[in-house]
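This report describes selected strands and helices of one protein structure. The sequence and coordinates are shown first, and the discussion follows.

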Amino acid sequence: MKPKSALAALSLLLPLTSLAGKPAAGPPVAEKKVVVDTYHDTKVEDPYQWLEPSAEPAVQQWTQGQNAHTRAMLDKLPARDAIRQRVTELITWQSSAHYGLQEKGGTLFAIKAQPPKQQPMLVTIGSLSDTSSERILLDPVEVDPSGKTTIDWFVPAPDGKRVAVSLSKNGTESGDVYVYDVATGKPVPGEMMPHVNTGTAGGSLTWTGDGKGYFYTRYPKGDTNPEDKNFYQQVYFHRLGTPNDKDTYSLGKDFPRIAMSDLETSEDGKHIINLMANGDGGEHALYLYGPSGQWQQVSKFEDKVVGARFGEDGALYLKSLKNAPRGQILRLPLATPTLDKATVIVPEGKATISGFLPTPGRLYIVEQLGGPSQLRMVDLKGQDLGLVPTLPVSTVGGLVHQSGDDILFANSSYVEPTAWYRYSAKDGKVTKTAFAQTSPADFSDIEVIRTEATSKDGTKVPLSILKPKGVKLNGKNPTLLTGYGGFNVSITPGFNKLSRTWLEQGGIIAIANLRGGAEFGEEWHANGSLTKKQNVFDDFYACARLLVDQKYTQPKKLAIQGGSNGGLLMGAALTQHPEMYGAVVARVGIYDMLRVELTPNGQFNVTEYGTVKDPEQFKALHAYSPYHRVKDGTKYPPTLFTSGANDPRVDPFHSRKMVARLQAATGGKGRIFLRASGGGHGAGTPLSEKIEEEVDVFSFVFNELGMKYQPVKKLSAPAAK
């Protein structure tokens, strides 16, 4: 699934660690109970539909048996203890990460991840040149000592004196909003708003200019259809100090069932925008709330306005894809907020516009370059002012306005940890702040190679390759390839501490920028969605072929990994080209494309994947659906499937059905394993559980590729710069 804001019942399965049980000779065999579904005169057999309802005792028993079988395999793998030591050292490296920076009322807020803390915290920062100026405002572990409560998102009031925080438990992403007093760090009595955020439609909140109330996303309450619990998102208004049942409706009764709102207030507090998305496929409509107290629709889906930010010059700045698939920026005066009054400030260029920030005299624009990004400046007339200096082959993001035209931004690469930088508009200087991560290991021995694979239809597909210097291209190197390809999500360079576990063993890592993402704009996305989804899988196979053809590796030494929509990619890869891979890790993925839309979040995915109700879309879905592509008697690569019982985005039945089908197809002799945990899709997973999963994954892949793990004596931390 695509990341959502924050983005659910309690677990029906025991945690994995308590499911080891007695070692089993083999996995439990899933009984075939064939159900025949008919789609447009096409009859489709489904032998494992009975594995869908998680609450059924037979399903729980089968799942527990699968977990016992998986644990019996994983726990006896060689070098597991050494791998655990290394993974733990890397993942608990005590260098904090800060993200989601926002400044309100002169106070800078941020989310801070600080190992070995189980969950990230909400902090305030007094000075970016002094880390000791930081103060913890909310530590979720203080709220819930089990470590299973997490912060979905936070929104400070305009004066910075209060902050609204969405908190959810057990990976459900079902968040309740609490208001905290910034001075005391204590919750404001009586201020709790239930069910503002979900893992399906996400959630949003924005304060009024006076900070005495807020607009927020609300789901139907009362005597509504239970199936609509997480649908028909609307906007309501709450005034502080009043009961929740006195809140008033504001907007959204005519929104689609799969609407998702994103609210924001202007700096002067006089206007509010709501950028409403129609599910996950990229359609948006923009609404404006003004001093009159009324909402006005500014754009419709067909206008292709997909981004909006308030300027400080009485205007809205809009990102539009209309006749500009790589994006253009429009200026719309708030005094005349109709699209016919908008003017083009930044026309479409060769780079793709992925984000922007208006300041009093400039626009800062994050431009996507097929994976890496850059930060460009223009004045408010669109005159180019050049680039802000950033790291090579890196990712820019998190733009925060400071005073004047000065900004903060985050920057990282595959070999440089994330750091926050201040850009001074007056002298054009970039200064690294004290809020910069350090690395637990020296990555100066890693080279980053940017190349392109040629897909089936001739499309050039970018591929980033991380290779230890001196490793020879002899076709024998263990290589790990990953990708995503969907939901307009660009896969950008990022520093991953855990990649050291692979690279220091002589392994190579490859990251593919597949169609379906936003690396080259809306055309790139559209050519990897709906009936053109097969292009994504062709792109990935082309990248795998390049790695083999250019002697980086060979099929038995090539492992692939992906999660969520990337899990679907793994399912398609292993069923379409099983001979190409030596091991597969498929995390929380979708595999039955004919029944995914019957799940809550699957309905939001229809605008991205398509629906079986449409004959052409059904034909495309059926053609690549991994569950339906499994063939009896085929030799499939060893595969580890992971799932979460509380996953709000991908129902764990996908993994159960796929495992059952593959095990049957291989006569129980294939190395097909299910790791079913009691968590969610990944958001909010406690640090200790992350460690357990990564130890399992690395142990599995090292073993399946025949790699002899060489223990690392100690952390090879880089020298100070």
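How many residues lie between S3 and S4 in their hairpin, and which residue in the turn has a positive phi? Two residues separate S3 from S4, and Gly 105 in the turn has a positive phi of about 60°.

The model is predicted: local features need pLDDT of at least 70, side-chain atom pairs count only at pLDDT 80 or more, and totals for chains, interfaces and linings use all residues. Residues are numbered from 1 along each chain as its sequence is written, and side-chain values use heavy atoms, with hydrogens and water left out.

**Strand pairing**

Helices (H or I, at least four residues) and strands (E, at least two) are DSSP runs, numbered from the N terminus. Two strands count as paired if DSSP finds at least two bridges between them. Three antiparallel pairs are listed below.

| Pair | Bridges | Opposed residues |
|---|---|---|
| S3 (residues 97-104) and S4 | six bridges | Lys 104 and Thr 107 |
| S4 and S5 (residues 121-127) | five bridges | Ala 110 and Val 123 |
| S7 and S8 (residues 162-169) | seven bridges | Val 155 and Ala 164 |

Strand S4 (residues 107-113) is mostly covered, with five of its seven residues buried; buried means under 20% relative accessible area, exposed over 50% and partly exposed in between, for a 1.4 Å probe and protein chains only.

S7 also belongs to an open sheet of four strands, in the order S7-S8-S9-S10 with antiparallel pairing. Strands S7 (149-156) and S10 (187-197) stand at the edges, each with a single partner strand, so one side of each has no neighbour in the sheet. From one strand to the next, the twist averages 25°.

**Helices**

Helix H7 (residues 565-576) has 12 residues and reaches 16 Å from its first C-alpha to its last, close to the 16 Å expected at 1.5 Å a residue; the expected span is 1.5 Å times one less than the number of residues. In H7, 12 of its 12 residues are buried, among them Asn 565, Leu 569 and Gln 576.

Helix H1 (residues 57-74) packs against helix H12 (residues 653-665) at an angle of about 65°, with the axes 12 Å apart. H1 is therefore roughly perpendicular to H12, a class that covers angles of 65 to 115 degrees. Axes are lines fitted to C-alpha atoms, for helices over the stretch in contact, and angles run from 0 to 180 degrees between N-to-C directions. Val 59, Trp 62, Thr 63 and Gln 66 in H1 meet Arg 656, Val 659, Ala 660 and Gln 663 in H12, where contact means heavy atoms within 4.5 Å.

Definitions and conventions: Angles under 35 degrees count as roughly parallel, over 145 as roughly antiparallel, 65 to 115 as roughly perpendicular and the rest as oblique.
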